[in-house]
Amino acid sequence: MRLSEFALTTLKEVPAEAEIVSHKLMLRAGLIRRLSSGLFTWMPLGLRVLRKVEAVVREEMNRAGALELLMPAVQPSELWEESGRWDQYGPLLLRMHDRHDREYCFGPTHEEVITDIARRELRSYKQLPVNYYQIQTKFRDEIRPRFGVMRSREFIMKDAYSFDVDQEGLQKSYDRMHAAYTRIFERLGLKFRVVDADSGEIGGSRSQEFHVLADSGEDAIAYCDADNYASNVETAATSRPAGERAAATAELEKFPTPGVKTIQDLCELLGVTADQTVKTLVVDGTDGPVALVIRGDHELNAVKVQKLDGVASPLTMADTGAIIKALGAEPGSLGPVGMKLPVYFDHAVAALSDFTCGANETGCHYKGVNFGRDLELPETVDLRNVVAGDPTPGGSGTLSIARGIEVGHIFQLGSKYSDAMKATVQAPDGTNAVMEMGCYGIGITRIVGAAIEQNHDDNGIVWPGPLAPFDVVLVPINMHRSDAVRESAEALYAELSETGLAVLLDDRDARPGVKFADAELIGIPHRVVIGERGLAKGELEYRHRRDSESRDLKREEVLELVKV
């Protein structure tokens with residue numbers, strides 16, 4: 001491809017609406033252009049990257065035995081009502097009516113549609129296992145689209161759905177998809193981790209997420225290489241600390257804390273650290289407010305808490321009026337001593353002695369609080385997010401925390417949808433068996449953004465080879481004024497193109513600095529500079545995008561490097 005014919009427009013300045021690196025660079029490099037909030041046009045350069053992602057995903061899905069189909073993007077409400085998700089999915093679902101006033105949605109996912117296909121097409125266990133997949137546009141009506149293609153409203157996704165006659169078959173299908181996803185991300189040249197995760201709105205008994213590691217990742221991942229463990233922080237479990245709790249050394253004392261509303265305020269007033277305090281949070285319960293007690297330096301884990309008996313789901317913090325009515329004190333002054341509500345204590349709290357907490361009296365706290373004297377010894381549960389240094393669930397290592405960008409998610413749905421929608425087949429014993437389902441998603445557009453978040457420098461994108469829109473860029477210097485440079489560039493362009501490489505010839509009549517800056521911004525792996533002085537010595541200037549220096553090499557040496 002000749003750059004003079006490619007209509008590429010790059011930007012020097014960072015667009016005002018861009019918040020993270022990938023969004024900034026995708027706009028500056030001309031990969032995407034914004035149409036409206038959360039809606040983007042993929043320009044020719046960006047589309048080349050997107051298609052490369054799709055090609056690898058399609059090849060590995062086919063290799064795993066999945067069958068490609070294409071389902072409608074617009075789905076009738078009746079299917080969603082069958083599964084119970086029409087109301088459950090909430091405002092993320094983009095709803096619409098046709099001219100006959102029939103209600104539809106623009107599909108954010110396709111569990112209902114594929115289950116309808118399965119119950120119509122599959123009759124016998126002999127037709128199983130089967131795995132259908134598609135690569136298609138989805139829409140989720142995000143309240144605040146952010147970060148470019150990382151959290152847009154319209155996006156391209158690969159979603160697959162397996163059907164089996166029993167749990168054993170589902171496990172085999174799930175394992176095949178796990179292996180296929182691993183191959184996909186390895187082939188794309190991305191550093192990633194597979195973590196245990198919560199199934200969320202999709203549902204099911206087990207799920208795992210595939211995260212591209214990047215400092216800007218929205219998700220925190222807890223991992224321990226020594227214990228071969230990785231989990232989303234939302235699902236990583238904590239346990240009661242080992243060893244004996246320290247003996248009490250202080251007397252219980254109530255003291256005034258006017259204006260103290262936060263743990264930070266309390267620590268500054270007393271000169272203590274947050275791990276010597278506890279915070280009491282009140283949430284809505286199924287039969288009234290419920291109190292949750294965690295250490296002052298820990299964060300509440302909503303996914304864990306809303307699964308507790310008596311706690312409303314989704315988790316909702318109780319309003320101030322309800323708290324005052326129940327306890328006679330405002331938030332910020334609450335504590336477990338004399339608590340009149342049902343209380344859940346986090347595991348870590350049970351290890352504390354001489355700690356500080358609210359006194360259930362506005363503007364007052366207790367210090368010197370101890371279990372066994374001021375509070376009964378509690379049964380404890382897991383209420384919090386793990387932190388670096390926590391022991392692994394297996395107990396043989398400690399956790400580290402990394403940031404990740406979720407780009408894939410696989411689920412064991414079981415019979416959640418097939419049961420609700422009566423998707424059955426004849427089992428080997430002649431009875432009707434509800435099919436066991438798996439669900440497997442990859443964010444095609446998200447992979448592009450995540451790859452940039454993981455692979456960039458101050459000058460622009462640094463594509464992994466399998467994702468690069470072009471393999472090599474040829475930069476002739478003053479080719480419009482030098483026959484030797486022009487002829488050499490044209491010959492090299494033809495030779496490399498004939499080998500199957502995607503070659504970009506920068507034949508623009510532009511200054512060398514402009515060409516070099518654009519080549520680095522768009523991140524093509526191999527750059528070859530052709531100039532008169534080099535040609536006089538029989539050399540070309542070569543630099544890999546990840547190198548800091550250029551090298552003068554013979555033509556044959558350059559050809560060997562770029563053909564790898």
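This is a short talk about one residue, Val 562, and the sheet and helices around it.

Hi everyone, and thanks for coming. Please keep in mind that we're looking at a predicted model.

Let's begin with where Val 562 sits. You'll find it in helix α15, which covers residues 555-562. Is Val 562 buried or exposed? Its relative accessible area is 2%, and since buried means under 20%, Val 562 counts as buried.

So who are its companions? Setting aside neighbours within four places in sequence, Val 562 is in contact with Val 472, Leu 496, Leu 501, His 526, Val 528 and Tyr 542. For a contrast in position, take Tyr 161: its C-alpha is 39 Å from that of Val 562, and the two are 401 residues apart in sequence.

Now, the sheet. Five strands make up an open sheet with mixed pairing, and the order is β27-β26-β28-β29-β30. At the edges stand β27 (503-505) and β30 (551-554); each has a single partner strand, so one side of each has no neighbour in the sheet. From one strand to the next, the twist averages 30 degrees.

Let's look inside that sheet. Strand β28, residues 526-530, pairs with strand β29, residues 539-544, in the antiparallel sense, over four bridges. There, Val 528 stands opposite Tyr 542 in β29, and both of these residues are on the contact list of Val 562.

Finally, the helices. Helix α15 packs on the sheet, touching β26, β28, β29 and β30, and its direction makes about 105 degrees with that of β30. Helix α12, residues 483-498, lies across β26 (472-476), β27, β28 and β29, and runs at about 170 degrees to β26.

Thanks for listening!

How values were computed
Residues are numbered from 1 along each chain as its sequence is written. This is a predicted model: local features need pLDDT of at least 70, side-chain atom pairs count only at pLDDT 80 or more; totals for chains, interfaces and linings use all residues. Side-chain values use heavy atoms; hydrogens and water are left out. Helices (H or I, at least four residues) and strands (E, at least two) are DSSP runs, numbered from the N terminus. Buried means under 20% relative accessible area, exposed over 50%, partly exposed in between (1.4 Å probe, protein chains only). Contact means heavy atoms within 4.5 Å. Two strands pair if DSSP finds at least two bridges between them. Axes are lines fitted to C-alpha atoms, for helices over the stretch in contact, and angles run from 0 to 180 degrees between N-to-C directions.
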